[in-house]
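Student: Could you help me look at how two chains meet in a structure? I'd like to go slowly.

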Number of protein chains: 2
Amino acid sequence: MEVRKPYDIDSLTDVALRVFAERGYDGATMDDVARAAGITKAGIYHHVTGKEALLARGLDRALAALQAILAEPAANRGRAAERVRFIVRRVAETACSLLPELTVLFRVKATSPATESAVERRRAFDRAVARLIAEGQADGELSTAIEPGLATRLIFGTSNSIVEWYRPGGALKPAQLAAAIEALLFEGLGPAKS
Amino acid sequence: MEVRKPYDIDSLTDVALRVFAERGYDGATMDDVARAAGITKAGIYHHVTGKEALLARGLDRALAALQAILAEPAANRGRAAERVRFIVRRVAETACSLLPELTVLFRVKATSPATESAVERRRAFDRAVARLIAEGQADGELSTAIEPGLATRLIFGTSNSIVEWYRPGGALKPAQLAAAIEALLFEGLGPAKS
């Protein structure tokens, strides 16, 4: 008989987030989570009040990780342009390392108090980056061709999209992927337009 | 009493795609589609065999639009780098104009013959673009910093992500958004790295 460490709320959240990322939160049921965990639904409800509580914990992890990036020294020291680059790189790395959490965050819709709060925290993160881009533009170190809010949306569109295809443990390492994203978004793929 | 033109398969597909884009295909039910259309489920089944058939029609529309871009003269004449730029611009414009169709395509998973075929057609589109990027790199007109397959994924990650937030009819016009995406991906946001 297999002996497995009993689930706690954190390890159940791990399982639930993988299920939500795979099937979509709306499409996933607590039966799916129970099946993936290999325990009964009653076993899950022993730890957590329901699907929404598991989602809320996952969103909290994702948002705490993003907010931690903004608190890192390199996001707070030096020229705005370099700080933006650092943040973009770290968001990409975080998307690789917290893949199910970020997948769920990037897809979440504000349909309840918990998800509204998550969407608002994510918007606050985006606004902080948009302010830094505006500062880099004012410094003359970032292109003014794109309005800061739109640039922020597109930048995170690029890095967020990796959750759709990135598979941890493959040949492409998180740091390589982050460097490629930084190169594409800041240097661009092409020479100056003719 | 409101008089509405009777539904046909195309107008029902319009309704179904908006529902799928809004709720996710897995989360959406034929009851949701019937409610959005304001007719009975029986009324829908008069036109179509089921949810998967509506999805297949939507995926066909999206893929036909993408393939039509590759068939346009500007995608087939001139330098590879300029052809890639044209395709990126047109994909962004198409994402704006066929928003529900592209939303559904970008999220679809290969779980049935129809969705497997759609995913394969989308991959063929990506491969065609990756070949053009490789050609532009060989010409010395596109940066070699990023491998063509990864560049393709990231480029379409950026343009595909607009389906998550773009709202037609707003201040930001499709051509403006497409130009911003082209500027970001080909010129980059920042000056050369220090």
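Tutor: Let's begin with a term: buried area is the accessible area, for a 1.4 Å probe, that two parts lose on being put together, summed over both. Please keep in mind that this is a predicted model.

Student: Okay, so what is the area buried between chain A and chain B?

Tutor: Between chain A and chain B about 3,300 Å² is buried, and carbon and sulfur atoms give 63% of that area. On the side of chain A, the residues that lose the most area to chain B are Leu154(A), Leu184(A) and Leu189(A), which together make up 20% of what that side buries.

Student: Which helices of chain A supply at least two residues each to the side that touches chain B?

Tutor: Those are helix 1 (9–23), helix 5 (80–97), helix 8 (148–161) and helix 9 (174–187) of chain A, and helix 9 gives the most, with 9 residues. Taken as a whole, the side of chain A that touches chain B divides into 21 nonpolar, 8 polar and 11 charged residues.

Student: With charged residues there, how many salt bridges are counted between chain A and chain B?

Tutor: The count is 0 salt bridges between chain A and chain B, although the rule does find 11 residue pairs in polar contact across this interface.

Student: New topic: what turn lays chain A on chain B?

Tutor: A turn of 180° with a shift of 0.0 Å along the axis lays chain A on chain B with an RMSD of 0.0 Å, and the two copies are therefore related as by a two-fold rotation axis.

Student: And why do the copies meet through the same surface?

Tutor: Because 100% of the interface residues of chain A are also interface residues in chain B. In terms of contacts, 40 residues of chain A touch 40 residues of chain B.

Methods. Residues numbered from 1 in each chain as written. Chains lettered and ligands numbered in written order. Predicted model: local features only at pLDDT ≥ 70, side-chain atom pairs only at ≥ 80, totals over all residues. Heavy atoms only, no water. Contact = heavy atoms within 4.5 Å. Salt bridge = Lys/Arg side-chain N within 4 Å of Asp/Glu carboxyl O. Polar contact = N/O pair within 3.5 Å; in protein donor to acceptor, adjacent residues only side chain to side chain. Helix = DSSP H or I, 4+ residues; strand = E, 2+ residues; numbered from the N terminus. Nonpolar A, V, L, I, M, F, W, Y, C, P; charged D, E, K, R; others polar. Least-squares fit on C-alpha atoms with pLDDT ≥ 70 in both.
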